[in-house]
Amino acid sequence: MATIKDIAKQAGVSFTTVSNVIHGNTKKVSPATIEKVEKLMKEMNYVPNMGARMLVRSCSKIIGVIASDMTEPLKEGIQSPFMAEILGTMEREIRTAGYYMMLCFSDSAEEIEKLTSTWNVDGVITVSLGTVLSRRLAKKVHVPAVYTDCYFDAREPYINVGTEDEKGARDITEYLLGLGHRKLLFISDVENPSDPQTCCDVGRKREEGFLNAMKDAGLGDCSGRILRCANKREEKELLFEKIIARKGKDTALVFCNDYFAIEGIDYLRHKGIHVPKDFSVTGFDDINMAGLISPRLTTVHQGVSQKGRLAVKHLLALIENKPLPGEIQRLPVNIVIRESAQKIQEKV
């Protein structure tokens, strides 16, 4: 493998000159020499010592991404379509910008604080950690940071990239109401909404959207129409059995996310319950699987990849001291109409 000394000897210049070209310190190096050195580097397949370059530039070129611990048995797992899509997008954007991504899965505040205090990173992005944990982390982190899907107070100086969760749930509920449905159920994965430490702000906002739409339609307080369930498979099956028992009483199911809705459709189908004949079903997120299941899922599109790209863009702007479009940014949503919901008049 070629070294700086090898290139310097071949180019007829000093070790320092080649080092300056590699590290971009070329103010005192002629264009001809720069071109000659760079050509030799390519011809001799020179691979820069990244560790040395980081020390020279006083940066690590590493961005730490901390995601909710999807490896726990009560959660969907790393195979979660949402998590796979947003992390995949972030990794591509980070790599394209000349950085490397260091990934950590955890929901432990103590573990995350310990990690961030020892990591040598240029910046941090969180994914689905929630507002309480992200706020606690923000007070400890001493590098630029961007948080996703949080609901900070307007006075807090933290950068968040999120989704119009309340509006999306309200819009999809109003869509079902427009189809003639009045007996709607909201299927939530928020197990304990009264606990701020564990309550998912995204899930809570989506519940609010459902309740507000129902109230505005003159249906009063519909908090009793929210069915809650943790992500454990056995608990989901018990919930689906409760839904089956309500066939003929309720007509539409508003799921808090697509993956949950797809699980529900599959379970109901195997129990002889047909969608949308027996229940109209909607989701939220518009993951790729939403357009592949039968019937194809009517849902709320939120732009998961766009969220990942924007989070990286914001962080790079912070690292490079560039202006930001805004501290709190919520991506717009829109309804994607497919086959899983129909007019109430068409039901048999």
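Buried, in these legends, means under 20% relative accessible area, exposed means over 50%, and partly exposed is anything in between (1.4 Å probe, protein chains only). The model is predicted, so local features need pLDDT of at least 70 and side-chain atom pairs count only at pLDDT 80 or more, while totals for chains, interfaces and linings use all residues. Residues are numbered from 1 along each chain as its sequence is written, and side-chain values use heavy atoms, with hydrogens and water left out.

**View 1. A buried salt bridge ties aspartate 149 to lysine 307.** Let's begin with a pair of charged residues. A salt bridge here is a side-chain nitrogen of Lys or Arg within 4 Å of a carboxyl oxygen of Asp or Glu. For aspartate 149 and lysine 307, the N to O distance is 2.6 Å. Aspartate 149 sits in the loop between strand 4 (145-148) and strand 5 (160-163), while lysine 307 belongs to helix 12 (residues 304-319), so this link spans 158 residues of chain. Helices (H or I, at least four residues) and strands (E, at least two) are DSSP runs, numbered from the N terminus. Is each partner buried or exposed? Aspartate 149 is buried because its relative accessible area is 7%, and lysine 307 is buried too, at 0%.

**View 2. Further salt bridges, with partly exposed partners.** How many salt bridges does the rule give? The count is 24. One of them joins lysine 271 to glutamate 241, with the closest N and O atoms 3.6 Å apart. Lysine 271 is in the loop between helix 11 (258-270) and strand 9, and glutamate 241 is in helix 10, 30 residues away in the chain. Both count as partly exposed: lysine 271 has 46% relative accessibility, and glutamate 241 has 31%. Glutamate 320 and lysine 322 also meet in a salt bridge, at 3.1 Å from N to O, and glutamate 320 is partly exposed at 38%. Elsewhere, Glu166, Arg170, Glu174 and Asp216 are joined into one network by salt bridges that share partners.

**View 3. Four parallel strands make an open sheet.** Two strands pair if DSSP finds at least two bridges between them. The strand order is 7-6-8-9. Why do strand 7 (226-228) and strand 9 (280-282) each have a side without a neighbour in the sheet? They stand at the edges with a single partner strand each, so one side of each is left free of a neighbour there. From one strand to the next, the twist averages 20°. Strand 8 (residues 252-255) runs parallel to strand 9 and is joined to it by three bridges, and alanine 252 has serine 280 as its bridge partner.

**View 4. Two helices lie across the sheet's strands.** Helix 8 (residues 165-178) lies across strand 6 (184-188), strand 8 and strand 9, at about 170° to strand 8. Helix 10 (residues 233-245) lies across strand 6, strand 7 and strand 8, at about 150° to strand 7. Axes are lines fitted to C-alpha atoms, for helices over the stretch in contact, and angles run from 0 to 180 degrees between N-to-C directions. Contact means heavy atoms within 4.5 Å. After helix 10, lysine 249 lies in the loop leading to strand 8, and this lysine is exposed because its relative accessible area is 59%. Lysine 249 and leucine 184 are 65 residues apart in sequence and 9.6 Å apart in space, C-alpha to C-alpha.

**View 5. Helix 7 turns one face inward, with serine 134 on board.** The buried residues of helix 7 (residues 131-138) are Thr131, Leu133, Ser134, Leu137 and Ala138. Seen down the helix axis, they fall within an arc of 165°, so they line one face; the arc is that of the directions from the axis to the C-beta atoms. These residues pack against strand 1 (62-67), helix 6 (109-118), strand 3 (123-127), strand 4 and helix 9 (201-216). Serine 134 is buried at 0% relative accessibility. A polar atom of the serine 134 side chain lies 2.8 Å from the backbone oxygen of glycine 130. Leaving aside residues up to four places away in sequence, serine 134 touches Thr126, Leu129, Tyr147, Cys150 and Phe152.

**View 6. Strand 4 and strand 5 run parallel.** Two bridges pair these strands, and threonine 148 has valine 161 of strand 5 as its bridge partner. Which way do the residues of strand 5 point? Asn160 and Gly162 point one way, Val161 and Thr163 the other, and all are buried.

Conventions: A polar contact is a pair of N or O atoms within 3.5 Å; within protein, one must be able to donate a hydrogen and the other to accept it, and residues adjacent in sequence count only if both atoms are side-chain atoms.
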